[in-house]
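Here is a quick walk through one chain, from the overall numbers down to single residues. Have the model open beside you as you read.

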Amino acid sequence: MDNDREPTAQAMNIRAIAKQDIERVTDMMARAFDDDPVVNHLAKQDEQREDRVRRFLRLALVPLTFPFGETYATDGFEAAAYWNPPTQRPHGFWSDLRLLPHLIRVTGVGGLPRAIRCLDLLERKHPQEPHYYLFALGVEPSMQGRGIGGRLMEPILQRCDRESVPAYLESTNERNLPLYERHGFRVLEEVALPEAGPTLWRMWREPEDPRREAAHQHIR
């Protein structure tokens, strides 16, 4: 592929994920999270690992975020973002018995207790104040480092500013912290997952005054 002809991040169109997009988006997200430390701590590491990672990313989309209408992808499926809007996040969803069969396919029977302990810890630490929750942000591995992830966050973060609503996420990879910090997030806490699990970073973003930002842009 001729890289000179690839669209820049700012030129990429962002749209809501449609039902017919689910499998294609899931495939891309599974590649994006293939080496993610937290996902691989939850997924059983056996000959079915790749399928288990894919199942986890599909579970993150359906039913945990897609039904609430705030899941987005670039037109070419280079990246996707799964959000939960304020008041629409189903608190306690990891303990929902209907989800356990799907989770078992990710963790294996033996890994289920470990996964539940990890997810329960994150559930208890989740902020109660209304906010937009970035459940997952993924970029096709060959397209990473080009600003696409930041571009994909912009529409919801701009809405956060207009509505004066905070945003929250859990970064599962330390190398992504600068990206989120550039977009106004700050680290609340480093969390080591149970059973010698990896570290993740709880991050919070206060809304900015869009009028102040517009004035700043004008001055520059």
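## Long-range contacts and the overall picture

Of the contacts in the chain with a separation of 6 or more, 73% are between residues 24 or more positions apart. Keep in mind that this is a predicted model. The chain has eight helices and seven strands, and 50% of its 220 residues are buried. Its accessible surface is about 11,400 Å², with 50% of that belonging to carbon and sulfur atoms.

## Two nonpolar cores

The largest nonpolar core has 39 residues, and the ones touching the most other members are Val25, Met29, Ala80 and Tyr82. Quite a few elements chip in: helices H1 (22-32), H2 (37-42), H3 (49-61), H4 (100-107) and H5 (112-125), plus strands E3 (79-84), E4 (132-139) and E7 (199-205), each supply at least two residues of this core. Apart from this core lies another one, of 27 residues, including Ala81, Val139, Ile148 and Met153.

Met29 is a handy place to look around. Leaving out residues up to four places away in sequence, methionine 29 touches Leu57, Ala80, Tyr82, Ala136, Leu137 and Gly138.

## Helix H3 and its cover

H3 makes for an easy length check. With 13 residues at 1.5 Å a residue, H3 should span 18 Å, and its end C-alpha atoms are 19 Å apart, so the two values agree.

Which residues of H3 are buried? They are Arg49, Arg52, Val53, Phe56, Leu57, Leu59, Ala60 and Leu61, so two arginines sit on that list along with the nonpolar side chains. The cover over the buried residues of H3 includes H1, H2, strand E2 (71-74), E3, H4 and E4.

## Strands E1, E2 and E3

E2 turns up again here, and both of its faces are covered: Thr71 and Ala73 are buried on one side, Tyr72 and Thr74 on the other. Strand E1 (residues 14-16) pairs with E2 in the antiparallel sense over three bridges, and isoleucine 14 has threonine 74 of E2 as its bridge partner. E2 and E3 also run antiparallel, joined by three bridges, with tyrosine 72 standing opposite alanine 81 in E3. That alanine is also among the members of the 27-residue core. The hairpin of E2 and E3 has four residues between the strands, and phenylalanine 77 takes a positive phi near 60° there.

## Strands E5, E6 and E7

E7 is mostly covered, with six of its seven residues buried. Strand E5 (residues 167-171) pairs with E7 in the antiparallel sense, and so does strand E6 (residues 186-192). The pairings covered so far line up like this:

| Strand pair | Sense | Bridges | Example of opposite residues |
|---|---|---|---|
| E1 and E2 | antiparallel | three bridges | isoleucine 14 and threonine 74 |
| E2 and E3 | antiparallel | three bridges | tyrosine 72 and alanine 81 |
| E5 and E7 | antiparallel | five bridges | tyrosine 168 and tryptophan 204 |
| E6 and E7 | antiparallel | six bridges | glutamate 189 and arginine 202 |

The hairpin of E6 and E7 has six residues between the strands, and glutamate 195 takes a positive phi near 60° in it.

## Cysteine 118

Glutamate 195 leads on to another spot. Cysteine 118 and glutamate 195 are 77 residues apart in sequence, yet their C-alpha atoms are 8.6 Å apart in space. Cysteine 118 is found in helix H5. Is cysteine 118 buried or exposed? Its relative accessible area is 1%, under the 20% cut-off, so cysteine 118 counts as buried. Beyond its neighbours within four places in sequence, cysteine 118 is in contact with His41, Leu42, Leu193 and Pro194.

## Aromatic rings

How many aromatic pairs does the structure hold? There are four. One of them is the pair of tyrosine 180 and phenylalanine 185, which is edge-to-face, at 6.0 Å centre to centre with 75° between the planes. The label follows because planes over 60 degrees apart count as edge-to-face. Both partners are buried: tyrosine 180 has a relative accessible area of 7%, and phenylalanine 185 is at 3%.

Ring pairs also link Tyr133, Phe135, Tyr168 and Trp204 into a cluster. Two of these names should ring a bell, since tyrosine 168 and tryptophan 204 are bridge partners, with the tryptophan in E7.

Technical notes
Residues are numbered from 1 along each chain as its sequence is written. This is a predicted model: local features need pLDDT of at least 70, side-chain atom pairs count only at pLDDT 80 or more; totals for chains, interfaces and linings use all residues. Side-chain values use heavy atoms; hydrogens and water are left out. Rings of Phe, Tyr and Trp (its six-membered ring) pair if their centres lie within 6.5 Å; planes under 30 degrees apart count as stacked, over 60 as edge-to-face and the rest as tilted. Buried means under 20% relative accessible area, exposed over 50%, partly exposed in between (1.4 Å probe, protein chains only). A nonpolar core is a set of buried Ala, Val, Leu, Ile, Met, Phe, Trp, Tyr and Cys residues joined through side-chain atoms within 4.5 Å. Contact means heavy atoms within 4.5 Å. Accessible areas come from the Shrake-Rupley method with a 1.4 Å probe; for residues, only the protein chains shown count as cover. The expected span of a helix is 1.5 Å times one less than its number of residues. Two strands pair if DSSP finds at least two bridges between them.
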